[in-house]
Amino acid sequence: MNATLQLGAIGQISRNVKDIHAAEHWYGKVLGLPHLYTFGKLAFFDCAGTRLFLNEHADAGPESILYLRVDDMQNAHIQLQARGVEFTGAPHMIHKHADGTEEWMAFFKDLEGRPLALMSQVKPK
């Protein structure tokens with residue numbers, strides 16, 4: 001077989017949580033992610049086409065950072081702060097591309113203190 005393999009976009013990301021009911025509320029109501037379904041100790045949310053799979057597990061320790069895209073970094077930061085989300089710092093530019101496009105990020109904690117981030121690209125005017 002010499003067919004070229006081309007992988008597609010990420011379809012699902014898994015994250016362990018200590019309390020599935022608390023996580024359902026936080027990811028659904030606080031972050032505003034659309035809830036797809038829950039059965040048992042598993043809950044699924046839609047992240048703009050990528051499925052977030054939350055699995056209740058007693059050892060929900062450090063994991064990869066989930067970077068969530070937003071169009072308006074400042075507005076997203078203000079809205080999430082108003083919902084009680086704890087940011088570890090203000091939104092900040094982390095890189096400026098040769099064409100002037102700016103990469104912005106703001107890091108925050110999930111309900112168990114693990115890092116998540118907002119990310120946004122701002123095109124030059």
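**Note on the core, strands and pocket of a predicted model**

1. The largest nonpolar core of this structure, which is a predicted model, holds 24 residues, and those with the most contacts inside it are W26, Y27, L31, L54, V85, F108 and L118. The elements that give two or more residues to this core are α1, β3, β4, β5, α2, β7 and β8, and among these α1 gives the most, with five residues. As background for a student, nonpolar side chains in soluble globular proteins tend to be buried together.

2. Aromatic rings deserve a separate look, since the count of aromatic pairs comes to nine. In one of them, W26 and F108 have ring centres 6.5 Å apart and planes at 40°, so the pair is tilted. Because W26 lies in helix α1 (residues 20-30) and F108 in strand β7, the pair ties together parts that are 82 residues apart in sequence. Are these two residues, W26 and F108, buried or exposed? Both W26 and F108 are buried.

3. A further aromatic pair is formed by Y67 and F107, whose rings are 6.0 Å from centre to centre with 80° between their planes, an edge-to-face arrangement. Y67 belongs to strand β5 (residues 66-69) and F107 to strand β7, so this pair ties together parts that are 40 residues apart in sequence. Y67 counts as partly exposed because its relative accessibility is 38%, and F107, at 24% relative accessibility, also counts as partly exposed, the range for that class running from 20% to 50%.

4. W26 and F108 should also be read as members of a wider group, for W26, Y27, F45, F87 and F108 form one aromatic cluster. Of these residues, W26, Y27 and F108 are also named among those with the most contacts inside the largest nonpolar core.

5. Strand β7 (residues 102-109) runs antiparallel to strand β6 (residues 92-96), and four bridges join the two. Within this pairing M93 stands opposite W104 in β7. The strands β6 and β7 form a hairpin with five residues between them, and in the turn G100 has a positive phi of about 95°.

6. On going further along the chain, β7 pairs in the antiparallel sense with strand β8 (residues 115-122), here over eight bridges. E103 stands opposite Q121 in β8. How many residues lie between β7 and β8 in their hairpin? There are five residues between them, and G113 in the turn has a positive phi of about 85°. When following such strands on the screen, it helps to recall that in a regular strand the side chains alternate between the two faces of the sheet.

7. A positive phi also appears in a residue other than glycine, namely A48, where the value is near 55°. A48 lies in the loop between β3 (42-47) and β4 (50-56). With a relative accessible area of 82%, A48 is exposed, because exposed means over 50%.

8. The last point concerns the largest pocket, which has a volume of about 530 Å³. Of the 25 residues that line this pocket, L33, C47, L68, R69 and V70 are the closest to its centre. The elements that give two or more residues to the lining are β3, β4, β5 and α2 (73-82). By class, the lining has 16 nonpolar, four polar and five charged residues.

Definitions and conventions: Residues numbered from 1 in each chain as written. Predicted model: local features only at pLDDT ≥ 70, side-chain atom pairs only at ≥ 80, totals over all residues. Heavy atoms only, no water. Pairing = 2+ DSSP bridges. Buried < 20%, exposed > 50% of the residue type's maximum accessible area, 1.4 Å probe, protein only. Phe/Tyr/Trp six-rings, centres within 6.5 Å; stacked < 30°, edge-to-face > 60°. 1 Å grid on protein atoms, 1.4 Å probe; cavity = no way out; pocket = protein on both sides within 12 Å on 5 of 7 lines; lining within 4 Å. Points joined across faces, edges and corners; volume = space filled by probe spheres on them. Nonpolar A, V, L, I, M, F, W, Y, C, P; charged D, E, K, R; others polar. Core = buried A, V, L, I, M, F, W, Y, C linked by side-chain atoms within 4.5 Å.
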